[in-house]
Amino acid sequence: NVGFFKPVRRSLDGYVDDDVEAICEIFTLDCPFGHTGPINIKEAKDAADKGNLDVLLGKVQSHYEKVAQDKDVVIIEGTDFGEIISLTDASSVFDVNISIARILEAKVLLVANGGADKSVDNIVADVSASRTLCDNGDCDFMGVIVNGVPSERYDEIDITIRKELKDRGIRVFGVVPYNPV
């Protein structure tokens, strides 16, 4: 019995989030309306900017408990805040995800961008930095899935990423080629 929870939704109005709708529909999950995405992205950014995560985290935990009721496992989707942050805001945004993971006692499986504009060194640096932030934030970092790797570079990136990250003690659960939907 599986549940799905996305604490921070992209939409600013209502509780609808494209990811939540797609996951719940594709996997025919019972996703209680109003609880799967309780915080909008602006609320989360404002709380991070003001260093005031307590109220936000309380709201997240309350809604999570409703989603998790009678579930064996709940998949929790983090957010990258890409639409509304600058690079200088990235650490405070990651703090939101870490705080949510910690309060929900969730294990973290990072999905890293392996897109066309990313070199192997960039991907390794991003994943390593994310793991360090998780470790410093007292989160249980399980490993990474590198997503969206260009097909023409897939073999090279797959082999190199696995070796580089293994050398750093980071488990690679998968390297996924880019596939436009």
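This is a conversation about how certain words are applied to the structure above.

Biologist: What should I know about the model before we begin?
Modeller: This is a predicted model, in which local features need pLDDT of at least 70 and side-chain atom pairs count only at pLDDT 80 or more, while totals for chains, interfaces and linings use all residues. Residues are numbered from 1 along each chain as its sequence is written, and side-chain values use heavy atoms, with hydrogens and water left out.

Biologist: What makes C24 and C31 a disulfide?
Modeller: A disulfide is defined as a pair of cysteine sulfur atoms within 2.5 Å, and the S to S distance between C24 and C31 is 1.7 Å, so the pair meets that definition. A search of the whole structure finds one disulfide.

Biologist: Why is the disulfide of C24 and C31 called left-handed?
Modeller: The torsion about its S-S bond is about -90°, and the disulfide is therefore left-handed.

Biologist: How do you know that C134 is in no disulfide?
Modeller: The nearest cysteine sulfur to that of C134 belongs to C139 and is 4.8 Å away, which is too far for a bond.

Biologist: Why is C134 called buried?
Modeller: Buried means under 20% relative accessible area, exposed means over 50%, and partly exposed lies in between, with a 1.4 Å probe and protein chains only. C134 has 2% relative accessibility, so C134 counts as buried, and C139, with a relative accessible area of 11%, is buried as well.

Biologist: Why is I75 called partly exposed?
Modeller: I75 has a relative accessible area of 45%, which falls between the limits for buried and exposed, and I75 is therefore partly exposed. I75 forms a nonpolar patch on the surface with V2 and V73, and together they have about 220 Å² of accessible area. Such a patch is made of residues with over 30% relative accessible area and no salt bridge (a side-chain nitrogen of Lys or Arg within 4 Å of a carboxyl oxygen of Asp or Glu), with nonpolar side chains joined within 5 Å.

Biologist: What makes a set of residues a nonpolar core?
Modeller: The term is used for buried Ala, Val, Leu, Ile, Met, Phe, Trp, Tyr and Cys residues joined through side-chain atoms within 4.5 Å. The largest one here has 21 residues, and V127, V144, V146, I161 and L165 have the most contacts inside it. Helix 5 gives the most to this core, with five residues. Apart from it lies another core of 17 residues, among them V8, I39, V67 and V74.

Notes: Patch = residues over 30% accessible without salt bridge, like charges linked within 9 Å, V, L, I, M, F, W, Y side chains within 5 Å. Areas by Shrake-Rupley, 256 points an atom, 1.4 Å probe, with all protein chains shown as cover. Helix = DSSP H or I, 4+ residues; strand = E, 2+ residues; numbered from the N terminus.
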